[in-house]
Amino acid sequence: MRKHSLLAAAACAATALAVTGAATATAAAAPAPAKPRTADFNGDGYPDLAIGAHTATVNGLARAGALTVAYGSPKGLRYGSVITQATAGVPGDPVAEGKWREVSATGDFDGDGYDDLLVNWVEKNTILWGSAEGITGTGTTLPKGTYTEADPKLLGGAGGYGFTVLYGPINRSTGKAAVNDFRNIEELDKIAGPTGLFLGDVTGDGLADVTVNGYWAHEPKSAVLKGTKTGLVKAAGTLKQVGGWVGTSAFGDVNGDGYQDLAVTLFTAGAPSLSVNYGGPTGLNATRPARLITLDGATGGLQAPRSGLSGGALAIADTNGDGYAEIVVGAPYKDSGSDTTAVAKAGAVHVFRGTATGVTTLGRKSFTQNTSGVPSASEKDDHFGSAVRILDTDRNGTPELYVGGNGEDGYAGRAWKLNTGPTGITGTGATSFSLTAFGGPSGPSNFGYRFAG
């Protein structure tokens with residue numbers, strides 16, 4: 001049986017939750033190639049994908065909200081059922097304008113061998129429990145807080161004092177963790193905030209580490225807190241950052257050295273940036289310089305994470321089989337084509353290559369709905385790139401890129417599958433699907449606004 005622990009971060013009254021494997025492996029001089037973690041809700045060994053549709057109509061109640069789970073299989077992704085607060089076992093009841101919120105985190109929260117799904121709904125949060133049948137609706141409400149996995153979007157401002165580690169298992173009846181452990185980062189680490197928390201094993205020892213981002217003396221400041229069997233300890237490295245908002249994050253082995261690297265989107269008053277920070281045995285790598293890439297007019301299309309915006313989307317995985325992971329940046333506010341009035345905020349995804357020396361802007365690719373082979377066409381407010389995820393759903397060694405576009409078809413929303421091969425991601429043979437493929441309603445649902453898997 002797998003065991004997982006949970007991480008919760010609290011800034012002021014806000015809280016963020018994450019999952020980390022409680023492995024017992026020790027650090028190795030040359031770790032095995034680092035692979036991103038994927039969710040398996042039904043325990044069959046194939047990666048699964050949860051997709052949010054937070055404005056879907058439920059039992060005639062407009063914008064009550066729904067979600068779906070698509071399951072990996074030997075034949076690729078297969079559609080599951082639609083789950084709402086009207087589904088048996090889900091806590092609460094659907095309400096008009098309720099916007100039962102976004103799929104947010106995955107992990108085996110109760111230690112039964114099946115991954116579970118966290119649904120973030122303002123400060124009301126639910127774990128839907130995995131099983132041999134997958135996500136069925138059986139769920140538990142968590143104590144009040146704003147929960148998310150490794151990349152909290154925004155933790156309630158920069159005025160907080162620290163975060164709390166929730167060590168599993170989570171009790172199915174009460175929603176409480178086995179142990180809560182608060183870390184006062186203002187006192188211990190001289191960081192105010194946090195404005196961002198990022199959970200991933202950057203040291204290669206099988207235990208998750210926490211990179212916390214915030215401020216001190218009016219300047220951006222971060223710290224790496226290494227996971228150990230007895231708790232978190234300060235480690236080497238700081239986040240390559242600029243002032244302003246922190247957006248989304250992702251982990252993956254960009255330079256092929258066996259250690260997970262951390263990419264985050266950062267925002268100032270000017271253009272957004274992509275910050276790429278390399279892992280190593282003592283924390284974020286102190287000898288390999290981090291990279292800060294400005295996302296300009298050609299690669300922009302992100303908005304700062306405020307007023308419900310997420311700051312774009314990120315995914316990291318090796319899409320061309322060369323041993324180096326690519327970074328995929330979802331840019332749902334990117335204008336497409338030359339007529340920006342007609343196709344404003346159509347959206348795009350940008351792909352930055354990994355190499356032995358790290359991420360490079362050379363050979364960057366971009367994909368839109370106007371890319372050859374990609375279904376549909378770029379239209380105003382499609383928001384193609386609102387969510388991105390790279391999964392090998394049939395486990396044949398060739399992953400697929402899944403892209404959400406929550407504004408497609410008048411905000412009905414849609415998800416696309418783009419294939420990969422020796423040249424990386426391609427539009428050739430791409431397919432798409434909507435909420436109706438799962439038996440859900442047509443009409444505005446914002447399907448594809450968020451992925452978790």
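The following exercises, with worked solutions, concern strands, aromatic pairs and a pocket in a predicted model.

**Exercise 1. Two open sheets**

Determine the strand order and the edge strands of the open sheet that contains E16, and then trace the pairing of E17 with E18.

Solution.
Step 1. The sheet is open, has four strands and follows the order E16-E17-E18-E21, with antiparallel pairing.
Step 2. Strand E16 (245-252) and strand E21 (291-294) each pair on one side only and are therefore the edge strands.
Step 3. From one strand to the next, the twist averages 20°.
Step 4. Within this order, strand E17 (residues 261-267) and strand E18 (residues 273-277) run antiparallel and are joined by five bridges.
Step 5. One residue pair locates this contact: Thr265 has Leu274 in E18 as its bridge partner.

Carry out the analysis for the open sheet that contains E12.

Solution.
Step 1. Four strands in the order E12-E13-E14-E15 form this open sheet, again with antiparallel pairing.
Step 2. Its edges are strand E12 (192-200) and strand E15 (231-235), each of which pairs on one side only.
Step 3. Here the twist averages 30° from one strand to the next.
Step 4. Seven bridges connect strand E13 (residues 209-216) with strand E14 (residues 219-228) in the antiparallel sense.
Step 5. Val210 finds its bridge partner in Leu225 of E14.

**Exercise 2. Strand E10**

State how many residues of strand E10 are buried, and identify the bridge partner of Thr164 in E11.

Solution.
Step 1. A residue counts as buried under 20% relative accessible area.
Step 2. By that cut-off, five of the six residues of strand E10 (residues 162-167) are buried, and the strand is mostly covered.
Step 3. E10 pairs with strand E11 (residues 179-184) in the antiparallel sense over six bridges.
Step 4. Thr164 has Phe182 in E11 as its bridge partner.

**Exercise 3. Aromatic pairs and strand E28**

Classify the aromatic pair of Phe384 and Trp416, and explain which parts of the chain this pair ties together.

Solution.
Step 1. A pair of aromatic rings is described by the distance of the centres and the angle of the planes.
Step 2. Rings pair if their centres lie within 6.5 Å, and planes over 60 degrees apart count as edge-to-face.
Step 3. The count by this rule comes to six aromatic pairs.
Step 4. For Phe384 and Trp416, the values are 5.0 Å centre to centre and 75° between the planes, and the pair is edge-to-face.
Step 5. Because Phe384 belongs to strand E26 and Trp416 to strand E28, the pair ties together parts that are 32 residues apart in sequence.
Step 6. Both Phe384 and Trp416 are buried.
Step 7. Trp416 also has a bridge partner, Ser432, in E29.
Step 8. E28 and strand E29 (residues 424-433) pair in the antiparallel sense over six bridges, and a hairpin joins E28 to E29 through two residues.
Step 9. Ring pairs also link a cluster made of Tyr79, Phe433, Phe438 and Phe447.

**Exercise 4. The second largest pocket**

Describe the volume, the lining strands and the residue classes of the second largest pocket.

Solution.
Step 1. The second largest pocket holds about 730 Å³ of space.
Step 2. Of the 29 lining residues, Lys35, Pro36, Ala317, Asp318 and Asp392 are the closest to its centre.
Step 3. At least two lining residues come from each of strand E22 (313-317), strand E26 (384-391) and strand E28 (414-421).
Step 4. By class, the lining comprises 12 nonpolar, 11 polar and six charged residues.

Methods:
Residues are numbered from 1 along each chain as its sequence is written. This is a predicted model: local features need pLDDT of at least 70, side-chain atom pairs count only at pLDDT 80 or more; totals for chains, interfaces and linings use all residues. Side-chain values use heavy atoms; hydrogens and water are left out. Axes are lines fitted to C-alpha atoms, for helices over the stretch in contact, and angles run from 0 to 180 degrees between N-to-C directions. On a 1 Å grid over the protein atoms alone, a cavity is a set of points where a 1.4 Å probe fits but cannot get out, and a pocket is an open set with protein on both sides within 12 Å along at least five of seven lines; lining residues have an atom within 4 Å of a point. Grid points are joined across faces, edges and corners, and a volume is the space filled by probe spheres set on the points. Ala, Val, Leu, Ile, Met, Phe, Trp, Tyr, Cys and Pro count as nonpolar, Asp, Glu, Lys and Arg as charged, and the others, Gly among them, as polar. Rings of Phe, Tyr and Trp (its six-membered ring) pair if their centres lie within 6.5 Å; planes under 30 degrees apart count as stacked, over 60 as edge-to-face and the rest as tilted. Buried means under 20% relative accessible area, exposed over 50%, partly exposed in between (1.4 Å probe, protein chains only).
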